[in-house]
Amino acid sequence: MTFSFEPATDTSIAEAPRGPGVLSLLVWIWVRPRRALEGVYAGRTWLFLIPLLIAVIVFALNGIVQAPLQAQITHQENLARMREQIPPAEFANLPPEMLAAPPPQPVVLTLLAALGPLLLAWFIRPAVLHLLGLLVGGQNSYSILLRMTAWASFPLILRALLQTIYAGATQQPVVGPGLSGLVGPGVLAAVLGQIDLFALWYVALLGLAVAVSSRLSRNKALLVTAIYVILVLLLNVIPALLANALTGGGSSFVP
């Protein structure tokens, strides 16, 4: 029996492959997105926690800052509506409690409203993309898409951060997001409100993430991403569709 101490022949301990570091990925996602997403693809599953943690902090702050400002505007709109519907003499005699602003919403409810949709979308999004990818012949897994789509979401996180800074500095909530300011309130405004530079940036990264993780051609990756984006737009428009149906208004489409 012979023993060999040559390092080249000793394979008892195999070094696990290592991808780029987290700090490198945080820089590359802005300047070299494809390289960043390829690094995330080759990395560990827990990498999805990095953007998720950042998103939770940013969206929580956004909700805490904007919720009371939005509640104040809603209260002022309700008072203006009451002035239009009630004669001036009766309005002047209304008890103070009817004119007072409602008490602040508990912080827990504010956080649930801000983080609930975020966390729900965070884990449903890769499942939908996984199914769509399989339908067109892709080779992916839920865990890979989970971390890939998480890192593709950084433009949306940046948008929420800028909105938080704006609302905190001006003490005004963000109204008329995206291109919704070009039209009146309604279904079309709900659609255009989802479209801005950050959303387009996010969709581009999402398509790149689908292409890298699913090994799909460019056209198939675009198809999967387009179907997903359409589904999200329809989901976000449902409240406006219901409101438009209940009011029977068709003027929402008029600029």
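## Basis of the description

Two residues are in contact when heavy atoms of theirs lie within 4.5 Å of each other. The structure described here is a predicted model.

## Overall architecture

The protein chain contains eleven helices and zero strands. Read from the N terminus, its elements run α-α-α-α-α-α-α-α-α-α-α. Of the 255 residues in the protein chain, 34% are buried.

The protein chain exposes about 15,700 Å², and carbon and sulfur atoms supply 69% of that area. Among contacts between residues at least 6 apart in sequence, 73% join residues at least 24 apart.

## Helix H3 and helix H8

Two packed helices are described by the angle between their axes and the distance between the axes. For H3 and H8, the axes come within 9 Å and cross at roughly 30°. Angles under 35 degrees count as roughly parallel, and H3 and H8 are therefore roughly parallel to each other. Their crossing is left-handed. On the H3 side, the contact is made by Pro51, Ile54, Ala55, Val58, Phe59, Leu61, Asn62, Val65, Gln66 and Leu69. On the H8 side, the residues are Phe154, Leu156, Ile157, Ala160, Leu161, Gln163, Thr164, Ala167 and Gly168. By class, the contact of H3 with H8 comprises 14 nonpolar, five polar and no charged residues.

Val58 is one of the residues that H3 brings to this contact. With a relative accessible area of 9%, Val58 is buried. When neighbours within four places in sequence are left aside, Val58 is in contact with Ile157, Ala160, Leu161 and Thr164. These four residues are among those that H8 contributes to its contact with H3. Val58 and Ala160 are 102 residues apart along the chain, yet their C-alpha atoms are separated by 6.7 Å.

## Other positions in H3 and H6

Thr74 also lies in helix H3. Its relative accessibility is 33%, and Thr74 therefore counts as partly exposed. The C-alpha atoms of Thr74 and Ala101 are separated by 9.5 Å, with the two positions 27 residues apart along the chain counted as their spacing.

Thr110 is found in helix H6. At 9% relative accessibility, Thr110 counts as buried, since the cut-off for a buried residue is under 20%. Not counting residues up to four places away in sequence, Thr110 touches Gly63, Ile64, Ala67 and Gln105.

## The enclosed helix H7

Helix H7 spans residues 142-152. Nine of its eleven residues are buried, so H7 is largely enclosed by the rest of the structure. The buried residues of H7 are Ile144, Leu145, Leu146, Arg147, Met148, Thr149, Ala150, Trp151 and Ala152. An arginine, Arg147, is thus included in this buried set.

Which helices do the buried residues of H7 pack against? They pack against helix H1 (22-31), helix H2 (33-42), helix H3 (49-85), helix H6 (107-135), H8 and H10.

## Packing of H7 with H10

H7 and helix H10 (residues 197-214) pack at an angle of about 155°, with their axes 8 Å apart. Angles over 145 degrees count as roughly antiparallel, and H7 and H10 are therefore roughly antiparallel to each other. The crossing of H7 and H10 is right-handed.

From H7, the residues Ile144, Leu145, Met148, Thr149 and Ala152 take part in the contact. They meet Tyr202, Leu205, Leu206, Ala209, Val212 and Ser213 in H10. The residues of this contact divide into nine nonpolar, two polar and no charged. The five H7 residues named here also belong to the buried residues of that helix.

## Loop residues with positive phi

Most residues other than glycine have a negative phi. Gln171 has a positive phi of about 55° although it is not a glycine. Gln171 is placed in the loop between helix H8 (154-170) and helix H9 (187-192).

Where does Arg215 lie? Arg215 is in the loop between H10 and helix H11 (218-247). Phi of Arg215 is near 55°, a positive value in a residue other than glycine. Is Arg215 buried or exposed? With a relative accessible area of 59%, Arg215 is exposed.

Methods
Residues are numbered from 1 along each chain as its sequence is written. This is a predicted model: local features need pLDDT of at least 70, side-chain atom pairs count only at pLDDT 80 or more; totals for chains, interfaces and linings use all residues. Side-chain values use heavy atoms; hydrogens and water are left out. Axes are lines fitted to C-alpha atoms, for helices over the stretch in contact, and angles run from 0 to 180 degrees between N-to-C directions. Helices (H or I, at least four residues) and strands (E, at least two) are DSSP runs, numbered from the N terminus. Angles under 35 degrees count as roughly parallel, over 145 as roughly antiparallel, 65 to 115 as roughly perpendicular and the rest as oblique. A crossing is left-handed if the near helix is turned anticlockwise from the far one by less than a right angle, and right-handed if clockwise. Ala, Val, Leu, Ile, Met, Phe, Trp, Tyr, Cys and Pro count as nonpolar, Asp, Glu, Lys and Arg as charged, and the others, Gly among them, as polar. Buried means under 20% relative accessible area, exposed over 50%, partly exposed in between (1.4 Å probe, protein chains only). Accessible areas come from the Shrake-Rupley method with a 1.4 Å probe; for residues, only the protein chains shown count as cover.
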